[in-house]
Amino acid sequence: MEEILDFWGEYNLNKSIYNEFAEKINCILQTDADNVIFDFQKCKWFHASLTSMLGGMISICNKHGKNVTLNIVKDSPVEEFFNRAGLFSEHFNYDILENRNAIRVKELDLNNEEYINSYIDNILKLAPVVLTEKCRQVIYSTIYEIFDNAEEHSEAKYGIHAGGYWFPKKQKMSFSVYDTGIGIPTSIIRNVDSKMNSKEAFLWALKSGNSTRQLERGVPRGVGLANLIKFIDLNGGAMTIISNDIMYVRENKTNRIELKNNTLGTMINITINADYDHIYTYGKEDLT
Amino acid sequence: MMIQLKSFTNDAASRTKGLLLKTKLEQAINEERNISVDFDGIDKFASPFFNNSFSALGIQYGFRTIEKIELLNISDNGKLVFDSSIENAKFLTDHNDQKKEIEDITNSALNEED
């Protein structure tokens, strides 16, 4: 028995795509099929930051003992992109195709600190612009905070997946991490206040000082998401968090929060300006 | 007492390395020595490191004790991450909901000393 997941048209970072992904993840979790076909024949375009969720979907299939088949037009732009993005090498044993711009899709082992350092170093090495030392440090801290957040909320059954892209002409980087865990609202409602709804729970988690593991063994936490928002605001970038039934967007120093289809896990996507002016601004404004 | 971070870590990011520093700092605090921490050669910073070292000790021993520690050769970004971690920990000590938990932690630390 097989289950076909159709990917039609263009896959960008928007609510309708997140809803579709939520449905697809729920379908994978519920299906009895032993073969899941990811059909990209009618897919025209796929955003690099969605590769982390795609990696997560494939991982869920694998960990449920399901065979995964990709149906994709040979030599099409989408096939070429997936190959460059590392999807084939990570999940289908292809040889790694070197690419200067792709932050390859990976399932991450967040318990291995040396591995994480090396993974972030590789992201920084791919930068198409010469990053100042300060810029390197700021991006390193930002990515590390995303990983730390994934580790805190996730209890991920199917791994933590990352992927992204440097856009040389735009001097931007888009990067996402998808953990296949219980989700931020569920984690807060379960551990902090069972009377909260998902929106209240999510907003609680965004505040500095709030963490489900606050003061665990005397260690304060809860800086990560607040620092990320601060960085995104000063950088002029954007951050999207998809978690359970919440879609949260931070852009132009404003919050937009909407309800979407519910599913497991959390995806944090950041798009940052990696030119000298935007990165350098972060430190200067904050130090005055 | 001077603690050279580079002698035991290449980063100031992970909680494991933060805990290593915490042990060294705690020993120096208990010996009531003047403490300096040298970040020379460290260019990777993230909050778990500071949460598990300076901030955790700030909650335990008081932030005045922690603020006496001299930070040497720390980058601007490192200082930003340090400051946000300390601010967060201070916020927690003023947060009513968390006070009981903090008192429990402080009491258990004092009991351990006894």
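Which residue in strand 5 of chain A does Phe38(A) stand opposite? In this predicted model, the partner is Leu70(A). The strands around this pair are a good way into chain A. Strand 3 (residues 35-39) and strand 5 of chain A run in the parallel sense and are joined over five bridges. They belong to an open sheet of three strands in chain A, ordered 1-3-5 and paired in parallel. Strand 1 (2-6) and strand 5 (67-71) of chain A sit at the edges, each pairing on one side only. From one strand to the next, the twist averages 20°.

Two helices of chain A go with this sheet. Helix 1 (residues 15-30) of chain A packs on it, touching strand 1 and strand 3 of chain A, and its direction makes about 170° with that of strand 1 of chain A. Helix 2 (residues 51-63) of chain A, for its part, lies across strand 3 and strand 5 of chain A, and runs at about 165° to strand 3 of chain A.

Over in chain B, the picture is one of helix against helix. The axes of helix 2 (residues 47-61) and helix 4 (residues 76-94) of chain B come within 9 Å and cross at roughly 45°, so the two helices of chain B are oblique to each other. Their crossing is right-handed. Helix 2 of chain B brings Ser47(B), Phe50(B), Asn51(B), Phe54(B), Ser55(B) and Ile59(B) to the contact, where they meet Gly78(B), Val81(B), Phe82(B), Ser85(B), Ile86(B), Ala89(B) and Thr93(B) of helix 4 of chain B. Sorted by class, this contact has seven nonpolar and six polar residues, with no charged ones.

Notes
Residues are numbered from 1 along each chain as its sequence is written. Chains are lettered from A and ligands numbered from 1 in the order in which they are written. This is a predicted model: local features need pLDDT of at least 70, side-chain atom pairs count only at pLDDT 80 or more; totals for chains, interfaces and linings use all residues. Side-chain values use heavy atoms; hydrogens and water are left out. Axes are lines fitted to C-alpha atoms, for helices over the stretch in contact, and angles run from 0 to 180 degrees between N-to-C directions. Helices (H or I, at least four residues) and strands (E, at least two) are DSSP runs, numbered from the N terminus. Angles under 35 degrees count as roughly parallel, over 145 as roughly antiparallel, 65 to 115 as roughly perpendicular and the rest as oblique. A crossing is left-handed if the near helix is turned anticlockwise from the far one by less than a right angle, and right-handed if clockwise. Contact means heavy atoms within 4.5 Å. Ala, Val, Leu, Ile, Met, Phe, Trp, Tyr, Cys and Pro count as nonpolar, Asp, Glu, Lys and Arg as charged, and the others, Gly among them, as polar. Two strands pair if DSSP finds at least two bridges between them.
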